[in-house]
Amino acid sequence: YHRVLIRAGLMPIALELESQAITRAIIRGTAEHTAIIVDVGATKTSFIIYGGSSLIFTKTIAVGGRDFEKSIAAGLGVSPEEARALKIETGLSRDDRGGKVYEALVPAVASLASELQQQLWFYRDHSPRHLPAAGDIREVVLCGGDANLIGLEKYLATTIKKPTVTGDPFTNLNLPSNATPPMPRSESLQYATAVGLGLR
């Protein structure tokens, strides 16, 4: 990357991992507890464990919002466009459309929850020896465009038995109390990386 940037006539000032930028945006500067950020994008989901003021572990899997849409399309026999609309409008609601969208989504969301549980177990088994000061993971923080899936926060909290919240990429912007964020929180979730880079 450095070589390509130099050949393009640019002068690189800093290179960093996407997970560093996301953490800078999502984790409140004063937070001292350990958390796992789940960045749910269109084609992938990243798990970022942060504690002791630093990144501890990251992992990315190829499960994301498009997989949710494929599950809905296959389960309900609808077009990709209709599946996307149902994902946004209905999500994991058991009440809407007789629970059919929920039933179609559960296998894909369950695989994401299962991977999240694996990361929690991995951390629990390794952190006491390598990071005794970091402590246990106290919460799950969601970000990414598909973190807006209706019911995802509740589903994960119930499945993994950990407090689960939707992050706020503007938490470290230090906006005046009367200032209005530049976009709705739900929309800002997909820009956590960009906000984190800007904060640098």
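In the predicted model, Lys87 and Glu69 are joined by a salt bridge in which the closest N and O atoms are 2.6 Å apart. Lys87 belongs to helix α4 and Glu69 to helix α3, so this contact ties together parts that are 18 residues apart in sequence. Both Lys87 and Glu69 are buried. For Glu69, the relative accessible area is 14%, and the residue is classed as buried because this value falls under 20%.

Glu69 also forms a salt bridge with Arg84, with 3.4 Å between the closest N and O atoms. Helix α3 (residues 65-76) contains Glu69 and helix α4 (residues 80-89) contains Arg84, so the pair ties together parts that are 15 residues apart in sequence. In contrast to the buried Glu69, Arg84 is partly exposed, at 44% relative accessibility. Glu69 thus has salt-bridge contacts with Arg84 and with Lys87. Through shared partners, salt bridges join Glu69, Arg84, Lys87 and Asp146 into one network.

Across the whole structure, nine salt bridges are found. One of them is formed by the side chains of Lys59 and Glu115, with an N to O distance of 3.0 Å. Lys59 is located in strand β3 and Glu115 in helix α5, so the contact ties together parts that are 56 residues apart in sequence. The two partners fall into separate accessibility classes: Lys59 is partly exposed, with a relative accessible area of 33%, whereas Glu115 is buried, with a relative accessible area of 17%.

Strand β3 and helix α5 are also linked by an aromatic contact. The count of aromatic pairs comes to one. This pair consists of Phe57 and Phe122, whose rings are 4.9 Å apart centre to centre, with 35° between the planes. The arrangement is classed as tilted because the angle is neither under 30 degrees, as stacking would require, nor over 60, as an edge-to-face geometry would require. Phe57 lies in strand β3 (residues 54-61) and Phe122 in helix α5 (residues 100-130), so the pair ties together parts that are 65 residues apart in sequence. Phe57 is partly exposed, with a relative accessible area of 25%, and Phe122 is likewise partly exposed, at 34% relative accessibility.

Taken by element, helices α3 and α4 are connected by the Glu69 salt bridges to Arg84 and to Lys87. Strand β3 and helix α5 are connected by the Lys59 and Glu115 salt bridge and by the Phe57 and Phe122 pair.

Conventions: Residues numbered from 1 in each chain as written. Predicted model: local features only at pLDDT ≥ 70, side-chain atom pairs only at ≥ 80, totals over all residues. Heavy atoms only, no water. Phe/Tyr/Trp six-rings, centres within 6.5 Å; stacked < 30°, edge-to-face > 60°. Helix = DSSP H or I, 4+ residues; strand = E, 2+ residues; numbered from the N terminus. Buried < 20%, exposed > 50% of the residue type's maximum accessible area, 1.4 Å probe, protein only. Salt bridge = Lys/Arg side-chain N within 4 Å of Asp/Glu carboxyl O.
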